Amino acid sequence: MPQLGYSQKGCIMANMIRWKLNSLIGELEDTTKSKYSLARVAKEAEISYPAVHRISQNTADRIDTKTLDKLMMFFSGRLDRRVTVDDLLQYEEPALSLIHI
């Protein structure tokens, strides 16, 4: 379910772009038969742990292209396939219309 946020005009709105980091970590663990914690992903991808944690919880406010690049390179190098933006991000149709408060 999309998370709710507030626009600058005071409307409740759903976050329609979701990170799929946890799915990729699961795929990586299945492929490598090795455990990958968020801390390990952060360290090996050279991304701060707080950023990786926010991404995994889908609470990140913005999508940073450098972080996206690092995650794509990290997973591509370990999964033996090209990981794309589509593998990391998903667009969800909003479940709610904008509601003025």
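**Exercise 1. Find which residues of H2 meet which residues of H4, then work out how the two helices are set against each other.**

Start with the residues: Val41, Glu44 and Ala45 of H2 meet Lys70, Leu71, Phe74 and Arg78 of H4. Contact here means heavy atoms within 4.5 Å, and helices (H or I, at least four residues) and strands (E, at least two) are DSSP runs, numbered from the N terminus.

Next, sort them by class: four are nonpolar, none polar and three charged. For that count, Ala, Val, Leu, Ile, Met, Phe, Trp, Tyr, Cys and Pro are nonpolar, Asp, Glu, Lys and Arg are charged, and the others, Gly among them, are polar.

Now the geometry: H2 and H4 pack at an angle of about 100°, with their axes 10 Å apart. That makes H2 roughly perpendicular to H4. The cut-offs are under 35 degrees for roughly parallel, over 145 for roughly antiparallel, 65 to 115 for roughly perpendicular, and oblique for the rest. Axes are lines fitted to C-alpha atoms, for helices over the stretch in contact, and angles run from 0 to 180 degrees between N-to-C directions.

A word on the source: this is a predicted model, where local features need pLDDT of at least 70 and side-chain atom pairs count only at pLDDT 80 or more, while totals for chains, interfaces and linings use all residues. Residues are numbered from 1 along each chain as its sequence is written, and side-chain values use heavy atoms, with hydrogens and water left out.

**Exercise 2. Do the same for H2 and H3.**

First, the axes of H2 (residues 38-45) and H3 (residues 49-56) come within 9 Å and cross at roughly 125°. That makes H2 oblique to H3.

Then list the contact: Leu38, Ala39, Val41 and Ala42 from H2, against Tyr49, Val52, His53 and Ser56 from H3. By class, this gives six nonpolar, two polar and no charged residues.

**Exercise 3. Pick out the residues that touch the most other members of the largest nonpolar core, and say which elements build it.**

The core has 23 residues, and Leu21, Leu71, Phe75 and Leu88 touch the most other members. Such a core is a set of buried Ala, Val, Leu, Ile, Met, Phe, Trp, Tyr and Cys residues joined through side-chain atoms within 4.5 Å. Two or more residues come from each of H1 (21-32), H2, H3 and H4 (65-79), and H4 gives the largest share, six residues.

Zoom in on Leu21: leaving aside neighbours within four places in sequence, its contacts are Leu38, Val52, Ile55, Ser56, Leu71, Phe75 and Leu88.

**Exercise 4. Buried, partly exposed or exposed: classify Ser76, Lys33 and Glu46.**

Set the scale first: buried means under 20% relative accessible area, exposed over 50%, and partly exposed in between (1.4 Å probe, protein chains only).

Take Ser76, which lies in H4. With a relative accessible area of 23%, Ser76 is partly exposed. Not counting residues up to four places away in sequence, Ser76 touches Arg81, Arg82 and Val83.

Move on to Lys33, in the loop between H1 and H2. Lys33 is exposed at 73%, and its phi is near 55°, a positive value in a residue other than glycine.

Finish with Glu46, in the loop between H2 and H3. Glu46 counts as exposed at 60%, and its phi, near 60°, is positive in a residue other than glycine.
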